[in-house]
Amino acid sequence: MSDYNFAYLDEQTKRMIRRAILKGLAVPGYQVPFASREMPMPYGWGTGGVQVSAATLTPEDRLKVIDQGADDTTNAVSIRKFFERTAGVATTEATQEATVIQTRHRIPEAELTEDQILVYQVPIPEPLRFLEPRKTETRKMHSLQEYGLMHVKLYEDISQHGAISTAYAYPVRVADRYVMDPSPIPKFDNPKMEMAAIQLFGAGREQRIYAVPPYTRVVSLDFEDHPFEATKADHPCDLCGAGDSYLDEVIMDDAGNRMFVCSDTDYCRSRREEAA
Amino acid sequence: MYVAVKGGERAIENAHAWLAEERRGDISVAELSLAQIREQLSLAVNRVMAEGSLYDPDLAALAIKQSRGDLIEAIFLIRAYRTTLPRFGASRAVDTGAMACDRRISATFKDAPGGQVLGPTFDYTHRLLDFKLAAEGAVPPAPSAPPRREPTPHITEFLGQEGLIQPEPEPESEAVPRDLTREPLEFPADRALRLQSLARGDEGFVLGMAYSTQRGYARNHAFVGELRIGRVTVEMEIPELGFAIEIGEVELTECETVNQFKGSKTEPPQFTRGYGLVFGQSERKAISMALVDRALRWQELGEDNLGAPAQDEEFVLSHCDNIQATGFLEHIKLPHYVDFQSELELVRKLRREAEERIARREAAE
């Protein structure tokens, strides 16, 4: 075997994935089972996102891949190279220039447009999984909109800790119907999910695809007296000075001194270039 | 001054180069050939074929060499290759009754037509390190005899003649069974799908599950009715021809267990069976698979759900695949600093609030 098909997957597989994507877009937030393939990278490394990207990419696309908000984290580099090699598509680090963005754990800071598709890598697609481990049960709960358990969990958090103790993968309700796992993005990113771009979620190991169409209502679960709050470190970025971006905390020395820098490397770089 | 973590690409390339060097090891030592692996590490090759779901000893040997002997990594290489192959169709069900057996034993009957054939087994070896092997591997030829011509019928057929063992239900239709690698696994799964999943499941996991049934977690007291290892021909119906032709030969291990069954309101007492079928000589896996298969049949046989892990189809099938398991397990070494950062902030906030509460209470006292 020497030649792989465009974007690695064969056309039949891509068609199967596209069907799942279309179904996902038609029923926002619903987890569509799909026959996930074994990819040449391990489960847990983004096989779901890679399959969704492979089924989405066209030769004219320009791809950006980020992990933890950064283009240069090792796994982002590895996935970008995979598509450079198997699809020969153009790649970019600039959020605005990309037509398809594959991400792990972040939504870019720059506002996305109608011409863009954001593909999320998802480890556990089931927001109810840690309340009920069985798929057979959680599927029933979704079909009956039986989300009481989730509200009880959030309530218990408040009664024990005085606040909802979910900091990432914070559950949302999509289009007033399905409760959905937004993938392990920090809850800071949740409000961005009502966006102009198409959002596709791929969970390879768990064999699920789901989607949020553009301009869809996405509400982070909360209570009237304990409203949802998107939080971040209470600092500006030490490199670009941004006060509105999500920050990584970096330990600087043995004395435990820290600095805070943008997790979105492209956002930080472009701000510094503008200032210069 | 903080320097962004650049250079991921070069780090990856260098890591790969070092890995290749480590794989080769000391270059003053002769390099392994694929033929050596295929011929002398054949049980490793068998495991990689079985759990990789691809019958190709040469590719399995290549995968073992490339993975430095890490068999799960080798299985992964085979799976990733297999998934790129087109699916032409399904073979006819192989006739294991017509197997050319290298080994065939029954623990339930002292003798039976076809006889007890030990074959190349470790069973009665004394596990003493053979230091001679370290020096030289020359072996005298094993005694041989002309192969028997008569068939080796399944032991369970004899029990079946008396109605003592539950007949296997006929498949409901002629339709080709679902293919686990081409459709998402949904629960409840039928038995064909369960067996497919177990056949490619991790040997260690399936062994552990089977062992748990022996220790009382849904005990079903299995006798090895029969264990046979040998070669069977694979036939495929070719639509253009209108008849089936032989497309090859595979080595298989098949295990049928005979299990107690108390009977129910509608059924007289009867033995039941568990079934295991694995590529190559993989008898530990085949026996384990048969025990787990039997445990998973509790519902169909009207038995009680004892809440044992091995009875829980969703639990067993969701966790027996070592490629899924190792991927998800090992992925936690990938960067998670964004999630961790959000937890860090939350814990700091909760601690601050708790400290304030304590301070207020102390001030009030």
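Two strands count as paired here if DSSP finds at least two bridges between them. Keep that in mind for the close-ups below, which come from a predicted model.

**View 1. The hairpin turn between S2(B) and S3(B).** Strands S2(B) and S3(B) make a hairpin, with 4 residues separating them. Look for Gly242(B) in the turn: its phi is positive, at about 85°.

**View 2. The S2(B)–S3(B) ladder.** Moving along from the turn, S2 (residues 222-238) of chain B pairs with S3 (residues 243-259) of chain B through 16 bridges, in the antiparallel sense. One spot to pick out is Val224(B), which stands opposite Thr257(B) in S3(B). As a reading aid, side chains in a regular strand alternate between the two faces of the sheet.

**View 3. S1(B) against S2(B).** Strand S2(B) also pairs with S1 (residues 100-105) of chain B, and here 5 bridges hold the antiparallel match. Zoom in on Arg104(B) and you'll find Arg228(B) as its bridge partner in S2(B).

**View 4. Chain B, for context.** Zooming back out, chain B has 13 helices and 4 strands. Its radius of gyration is 26 Å, well over the 21 Å that the globule rule gives for 365 residues, so chain B is more spread out than a compact globule. Along the principal axes, its C-alpha atoms fill a box of roughly 90 × 70 × 55 Å. Of the 365 residues, 30% count as buried. Among chain B contacts between residues at least 6 apart in sequence, 65% link residues at least 24 apart.

Key: Residues are numbered from 1 along each chain as its sequence is written. Chains are lettered from A and ligands numbered from 1 in the order in which they are written. This is a predicted model: local features need pLDDT of at least 70, side-chain atom pairs count only at pLDDT 80 or more; totals for chains, interfaces and linings use all residues. Helices (H or I, at least four residues) and strands (E, at least two) are DSSP runs, numbered from the N terminus. The radius of gyration is taken over C-alpha atoms; the globule rule is 2.2 Å times the number of residues to the power 0.38. A residue is buried if 20 or more other C-beta atoms lie within 10 Å of its own, exposed if 12 or fewer, and partly exposed in between; C-beta atoms are placed from the backbone. Two residues are in contact if their C-beta atoms, placed from the backbone, lie within 7 Å.
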